[in-house]
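Open the model in your viewer and keep the selection tool at hand. This tour goes from one selection to the next.

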Amino acid sequence: MRLLFLGDIVGNSGRQMVKDHLPRLRRELELDVVLANGENASGGLGLSAKSAQELHRCGVDVLTTGNHVWKFPDIRPALHNEPWLLRPANYPASAPGRGAGVYELGENLPPLMVVNLQGRTFMEAIDCPFTVAENLVAQAPPEAVIVIDMHAEATSEKRALAHMLRGRVQAVLGTHTHVQTNDAYIFDGITGYISDLGMCGPEDSCLGMDSDIILRRFRTGLPQRFELAKGPCMLNGALMEVVDGQCREITAWQYRAS
């Protein structure tokens, strides 16, 4: 299984970059499946149902999210109705939607289980992601390739989850910080890991936002209205190959339009 997981998609420019290039990249990279975190795809903060459908139609097979998923009310029925759209599994059970799914990709491919989790360090005090991960992995089909999106602030929390699940899942991939890390690694020849996939959006920016506005906020301590940065965009993520239940290769992946 050749799999590409795109980091947080930021705003209209990030969505447009995915729409313009993903269909061709799927062919060129011979991808079996594309996953992406879409929680910032609408206006740079949150995900609307329309944006989610747009990304799914252009080739993202499964969309994960995170702490900003609830901003647009219309996403709640979409989370309930669309199996390819996930919210973090460790929100309370009363929250709309689901935090994991099992997907059939074709005759010659194993089932794919995607689990969406959210960290608690420097974030909301929701249910324990470690306990939820243990329970969900225990329920996975025996032959499933299991990929975890750990949407978290703290690198230590992401890496701790990878250590807990090493040898039992094929990937633990970090999202949320929008800065791609250079620590792709395979635990025990089975579990691919990277602390953060990075983002899909404006390259000359501060995490996708206009850097002058962010700088002004830091220097004055005053609230600012964030605006998306302009200019050329990039795609960031991780490219993986899974063979016989083992992650044989994982690399930090970037794409810039010429």
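Helices and strands here are DSSP runs, numbered from the N terminus; a helix needs at least four residues and a strand at least two. Keep in mind that this is a predicted model.

**Stop one: His68**

Select His68. UniProt, in an unreviewed entry, lists His68 under "active site". Find the loop that runs between β4 (62-64) and α3 (75-81); His68 lies there. Is His68 buried, partly exposed or exposed? Its relative accessible area is 25%, so His68 is partly exposed. Now show its surroundings. Beyond neighbours within four places in sequence, His68 is in contact with Glu39, Asn40, Leu45, Gly46 and Leu47.

**Stop two: the listed binding site**

Select Asp8, Glu39, Asn40 and His178 together. The unreviewed UniProt entry gives these four for "binding site". They are spread over 171 residues of sequence, yet they cluster in space, with a largest C-alpha distance of 11.6 Å. Asp8, Glu39, Asn40 and His178 also belong to the lining of the largest pocket.

**Stop three: Asp8**

Narrow the selection to Asp8. Strand β2 (residues 8-9) holds Asp8. Asp8 has 0% relative accessibility, so it counts as buried. Measure from its side chain to that of His178: a polar contact of 3.4 Å joins the two. With neighbours within four places in sequence set aside, the contacts of Asp8 include Asn37, His151, Thr175, Gly198, Met199 and Cys200. Glu39, Asn40 and His178 from the previous stop are among its contacts too.

**Stop four: Glu39**

Move on to Glu39. Look in the loop between β3 (33-37) and α2 (49-57). Glu39 is buried because its relative accessible area is 0%. Which residue offers its backbone nitrogen to the side chain of Glu39 at 3.4 Å? Gly66 does: that nitrogen lies 3.4 Å from a polar atom of the Glu39 side chain. Leaving out neighbours within four places in sequence, Glu39 is in contact with Asp8 and His68, among others. Thr64, Thr65, Gly66, Asn67 and Val69 are also among the contacts of Glu39.

**Stop five: the largest pocket**

Turn on a surface. The largest pocket encloses about 450 Å³ of space. How many residues line the largest pocket? There are 19, and those nearest its centre are Gly44, Leu45, His68, Met209 and Phe226. So the residue from stop one, His68, comes back here. Colour the lining by type: seven residues are nonpolar, eight polar and four charged.

**Stop six: Ser42**

Return to the loop between β3 and α2, and select Ser42 there. Is Ser42 buried or exposed? Ser42 counts as buried because its relative accessibility is 6%, under the 20% cut-off. Its side chain reaches the backbone nitrogen of Ser48 at 2.9 Å. Aside from neighbours within four places in sequence, Ser42 is in contact with Arg15, Leu47, Ser48, Ser51 and Phe72.

**Last stop: the second largest pocket**

Select Pro110, Glu143, Val145, Asp244 and Gly245. The second largest pocket has 13 lining residues, and these five are the closest to its centre. Its volume is about 170 Å³. The lining of this second largest pocket divides into eight nonpolar, three polar and two charged residues.

Note on methods
Residues numbered from 1 in each chain as written. Predicted model: local features only at pLDDT ≥ 70, side-chain atom pairs only at ≥ 80, totals over all residues. Heavy atoms only, no water. UniProt positions renumbered as here; feature names shortened; annotations may be inferred. 1 Å grid on protein atoms, 1.4 Å probe; cavity = no way out; pocket = protein on both sides within 12 Å on 5 of 7 lines; lining within 4 Å. Buried < 20%, exposed > 50% of the residue type's maximum accessible area, 1.4 Å probe, protein only. Contact = heavy atoms within 4.5 Å. Polar contact = N/O pair within 3.5 Å; in protein donor to acceptor, adjacent residues only side chain to side chain. Points joined across faces, edges and corners; volume = space filled by probe spheres on them. Nonpolar A, V, L, I, M, F, W, Y, C, P; charged D, E, K, R; others polar.
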